[in-house]
Amino acid sequence: MVVGGLGAPAKSLPPAPVGITVPIITTGSSASPISVTKPVSKPKPVPKPAPKHIGGIGLPVTLNTPQDIAAAEVAYHSIHGTYFQVLKGNLLPQHESGSVKAALGTNIDTNTIINTYSGPYGDGFQVITIDSLGTHAVGYGPEAKTFTYESLIPKSATSTP
Amino acid sequence: MKKLLAFIVLSLMLAPYAVFATFVDSAHMVRTSTQYFSRASDSVLNPGSNNFTLEGWYYFPTTPSSGTNYGLAGKSDAATTNREYRWSLANNGGTLQLELVQNSDGSSGTNTSVDVNWTPQTNTWFHLAVVYTTAGNAAFYVATDTGAINPTHVQVGTTQSGLNTSTFNGTGPWLIGLRSLDDSTNTINGDAFLVRMWSMSRSAAQLNSAVCTLQGTGVANLNGEWSLDNTLNDDAGNNLTLTNVNSATFTANVPGSCNATAPVTTRNPAITTFFGF
């Protein structure tokens, strides 16, 4: 189950290629608030190594690799106790505030998505990169294995892959 | 006086039997935030050569646009060739449909799917179920929340055929609000409540009988039960605790039928254990 700690990113996948747009992300309408909501679970503190890429001289213009993003997420978690979710195009979901640049130090590649999770074994996140070959996901944290996969675009597309 | 005291004592002793479940919350998932629930694969959720039933209460503020779907539940990850079963509200070419995709070996080569047309009214609770049998058939059922007790299921369309006669025993994750891990752009937009997975076919009468009743542990062929009432735990006793992906929330929105005036008796194992039953 556990593949790599939060300070030791999973190594089951090589750094995913980035930079080529494949418009396969579709989003629906957001739900209107129904009533008072409360968080499902409280974040659990997890020890993290010191970040190497954030806040120093030589900060990259964008965080282009899952490893760069992982370092930024670890730094964010060490301060806020949660990981930071980012939608495609550096957009933020409803439950996040501020900006990607403010949270992670700089924007991420526009074809990269960061998902977060909180489960019985602790918190983690998933970096999804979309390119001309398909979707590449790298999970971090206690459920890294579940959230690590690669979905390549088939030569002949089907409606139910 | 002795009779009065005896009555009071007896009443206090029997009081725990009148367990009235008042449901409070359901799980609220926002599609634009890619929110859903997952659980790493557990073989207990693999029906294999058995029939199976997926059921749960769902509430849709919106419906999916053409070419997209709202995942209801599933156990699948196509990216790792672990396609098992995928249940969704799909918009196929502008027509809303309940859909089951089922697979016998995990590869795309054995994908089989069935659909029935169904357009839900938005902002309304529905109890949905899909019942698969190893004859390769599937039937879809819907009960509408009326606010009164015991909503009745009706079959949507006819029983569909052409599915595989067994289901792949894979290692794809169990999902609620998403049908397959690789399909993460197609999460649900809405609320879910009291979702169950059975390794048996359930009749409409059986669905009616338990539509608002927590089944708890020790129920034959009940492999997972998640009330989602402010908890991620599995009530069926298999410790299939969910993981919350992207900060879904609990919201005070539950089917009115499940909090109707008549009591809903739970099978609370703590209470039954206390009394030695």
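## Salt bridges in the structure

Across all chains of this predicted model, a search of the whole structure returns five salt bridges. One of them brings together the side chains of B:E55 and B:R196, with a distance of 3.2 Å from N to O. Because B:E55 belongs to strand 3 (residues 52–59) of chain B and B:R196 to strand 12 (residues 190–198) of chain B, this pair ties together parts that lie 141 residues apart in sequence. Both B:E55 and B:R196 are buried.

## A second partner for B:R196

The side chain of B:R196 also meets that of B:E225 in a salt bridge, at 2.7 Å from N to O. Here B:R196 lies in strand 12 of chain B whereas B:E225 lies in strand 13 (residues 222–226) of chain B, so the pair links parts that are 29 residues apart in sequence. The relative accessible area of B:R196 is 0%, and B:R196 is therefore buried; B:E225, at 0% relative accessibility, likewise counts as buried.

Through salt bridges that share partners, B:E55, B:R196 and B:E225 are joined into one network.

## The pair B:R179 and B:D183

Another salt bridge is formed between B:R179 and B:D183, whose closest N and O atoms are 3.0 Å apart. As for their surroundings, B:R179 is buried, and B:D183 is buried as well.

In general terms, side chains that carry opposite charge can pair when their charged atoms come close.

Definitions and conventions
Residues numbered from 1 in each chain as written. Chains lettered and ligands numbered in written order. Predicted model: local features only at pLDDT ≥ 70, side-chain atom pairs only at ≥ 80, totals over all residues. Heavy atoms only, no water. Salt bridge = Lys/Arg side-chain N within 4 Å of Asp/Glu carboxyl O. Helix = DSSP H or I, 4+ residues; strand = E, 2+ residues; numbered from the N terminus. Buried < 20%, exposed > 50% of the residue type's maximum accessible area, 1.4 Å probe, protein only.
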